[in-house]
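Work through the following exercises with the sequence and the structure side by side, and try each task before reading its solution.

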Amino acid sequence: MLVAWRYRKRKSFIQSFDPRAWIIFYICYLASTLFFWDARFLLPLMAIAVFVLLTSGVKWHEMRRAFLFIVGFVFFFAFFTFLTGRGGLEVYAQEHLVRRFEAPFSLLGWRPVLNITVERAFFAVSQLMRVFSLAVMTILIPYSLNPAHYGITFRGLGLPDKIAYAMDLTMRFIPTFGRDFQLTRDAQRARGYELEKISGGLIEQVRKLGPLMVPVTIHAISGSEDIIDAMDLRAFGVGPRTWLEQLTYRRRDYILIAAGVLLLVVSLGLSLLGYGTFWVPEVLIRAVGG
Amino acid sequence: MDKKFVSILIALVVILAIIVLGVYLIDPNLEFPLDRATVPLRFLFVVIGLAIAFAVYLATKENKAWEVGTREVVWMAIGAALYAVFSWLFNGTVFVVPSISQVSLRPAIAIPMFFGYAFGPVVGFFTGAVGNMFGDALTGFGLSPQWSIGNGLVGFISGLPLLFKDKKKSLDTVLIVSGVLTVIGVVVYFVNRSLPNMLFYDVEAGIFGDAPISLIAGISLLIGFVLVVLARFFFGKDIDVATAVTWGALGNILGIGFAAISDIWINGFSPAAAIVGEFLPAAGPNLIFAAILVPLLVVAYGSYRKQSGR
C-alpha cells in the first residue's frame, strides 16, 4: 500500500501556478540564494519564502513535525557557526570582540574558549536567513504538488518519459518506505532486537544494522513486481507516453517563470560585479568600539 | 562508426574542452570562493560527472546492460526512494547511529552499490544521484549537486560488471586499482596528519568539523579495503558477492573521490585538505559498509530470487 504526502487541494498562492512553472521558479530561487552572504540581499529572498509560506494554506498541524524538524536543524547549524566561526573565518579578515568566555576548567590541557565577535554573530544570522529560506521553499513542495501531476511535471520540464516516470515513482515511494522502515523497526524490537544498545566493535555495529536494512530493501523489491506487472499490462514504454492529466501554461505561469529567471540573472550579475559578499553593519562594529 | 556517434563524440570533446578552460578561467588561484559565485562551478561538475557516465555508455552502447525497460524504471524509483529514506533516517538527527572515533556511520551507501550491482549501471546511477538529491531535500538542503553526481557514480560503477560476460576476469584488476588508490589516499593522510576532519561534528565535546583527523578515520579507507579483500576471498566461491563487493569498493573510491576533488574548486580546499578532510572520512567508512552490508543484501536477494523463481 502506498502512503501519500499530505497534499490537499488548497486555494493558495503556490497552488495557483502550473507545477512546472513553480519548479522552475524554485530552482532559480535556490540558485539565487546560493550567491549571497549579505543580509541585505538575503532579506528580500527570505521575504519571498515567508510570503509563500504564509499564503500556502498549509495548516500548522499538518506541517508541524516537518517544520519543527527543519527549524531545529537550521538553528543547530547556525549555532555551530556561531560557536566556532567555522565557514565564516575565511570570509572576514578581522573580528571585533564583544565578549570572551573562558571555561573555568581545562580538559587535558585544553581550555575551552568562546569568543563572541560581531562578525561571528552576524555570520550566524546571515546563515540562518539563508538556510531558513531554502528549507521553507523545499518543504512546501510535497504539500503543494499534486501527486497525480508528478510525472507530467517532470516530463514537462524536459526529462524523457521513463526518467520522468521514475522520478514520479520515487516521490511516491519515499513516504511509503519511511512507513515500512518504522514497521520493520517495531517488528524487530518486538522480537528482542535492541536498537538502543548497539554495542560491540565497529564491524559488529555495522552488521547489526542488517536486520533493519535488509528486510525493508527486499520487501521493496518483492513489492515492485506488482507495480511492474501493472505497468506492463498497460504497455508501459512501448510508444511515446500520453499522460492522463494535461498541464497548460497560463499567463501567470509565464510571469512566474520570467520572474524566476530575472531573479537568477540579477543575482548572477550582482555576484559577478562583486556584490553580495559577507557584510557586517558598521553600526554594530562601532557599538563595540571597533 | 555511424555519423550520429561521431557527432556526439565531437560534442562531448567540445564540452569537455570548454569545461577544462572554464575551470582554469574561473578559478586559477584556488582562492576561497565561499562568498563568490560557486553556483556555476557546482553545475559544471554535475556536467562533468554526467559526461563521464555518458562516455562509458557510448563506448559500450551495444551492450544489453543499458536497456531501460519497465523493470528498470521501477527499480530506479525503488532504489532512489530507499536511498533517500535511509540517508535521511541515518543522518544522526532522526535515528542516532553510533560513531567510533570520528568515523560516522552512513550505512545507506550500501543501497546504490547493491542496486547498481543487482540491476545495472543505469539503475545504480539513478539510485545514487536522485536518492541523494531527495535525501538532501528531506533535510531541507539541496546545495551540493556535485555530491549527488558523486553518489550516482558510486552506483554507476557498481553496475559496470554487468557489461562483462565473465565477471571473474575483471575482479583482480578492479581489486588492484582500488588497492592502489587506497594506498595513495592513506599516504596522503600520513603526510598531512594534522589536517582537520571536516565531516566530523560532536557538539558535546565542542568539535565542529575542526578537530584533527583521528588515526582511525585516517586509515578507515585501509581498514575498509582490507575488509573488502577479506570479503572477496571469504566469499571466493560465491562470485556474486565477490563481484558486488569489489566493484562497489571501486565505485565508492572513484565516486566519492570525484565529489571530494570537485570541492577543490567549488569550496577552494587545497588538494590535501580535500583528500584528508573529506575523501577519507567519507569513503573509508563507506568501504566498511560495502564489505559488510552489501554481502548481506546480495545473499538475501539471491535467496529471494530462488524462492520466487524470478
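A residue is buried if 20 or more other C-beta atoms, placed from the backbone, lie within 10 Å of its own, exposed if 12 or fewer do, and partly exposed in between. This is a predicted model, in which local features need pLDDT of at least 70 and side-chain atom pairs count only at pLDDT 80 or more, while totals for chains, interfaces and linings use all residues. Residues are numbered from 1 along each chain as its sequence is written, and chains are lettered from A and ligands numbered from 1 in the order in which they are written.

**Exercise 1.** Determine whether helix α4 (residues 118–144) of chain A has the expected span, and whether it is enclosed.

*Solution.* Helices are DSSP runs of H or I with at least four residues, strands are E runs of at least two, and both are numbered from the N terminus. The expected span is 1.5 Å times one less than the number of residues, so the 27 residues of α4(A) should span 39 Å, which agrees with end C-alpha atoms 39 Å apart. Because 23 of these 27 residues are buried, α4(A) is largely enclosed by the rest of the structure. For chain A as a whole, buried residues make up 33% of its 290 residues.

**Exercise 2.** Describe how helix α8 (residues 210–233) of chain A packs on helix α10 (residues 271–308) of chain B.

*Solution.* With axes fitted to C-alpha atoms over the stretch in contact, and angles running from 0 to 180 degrees between N-to-C directions, the two helices pack at about 40°, their axes 10 Å apart. That makes α8(A) oblique to α10(B), since angles under 35 degrees count as roughly parallel, over 145 as roughly antiparallel, 65 to 115 as roughly perpendicular and the rest as oblique.
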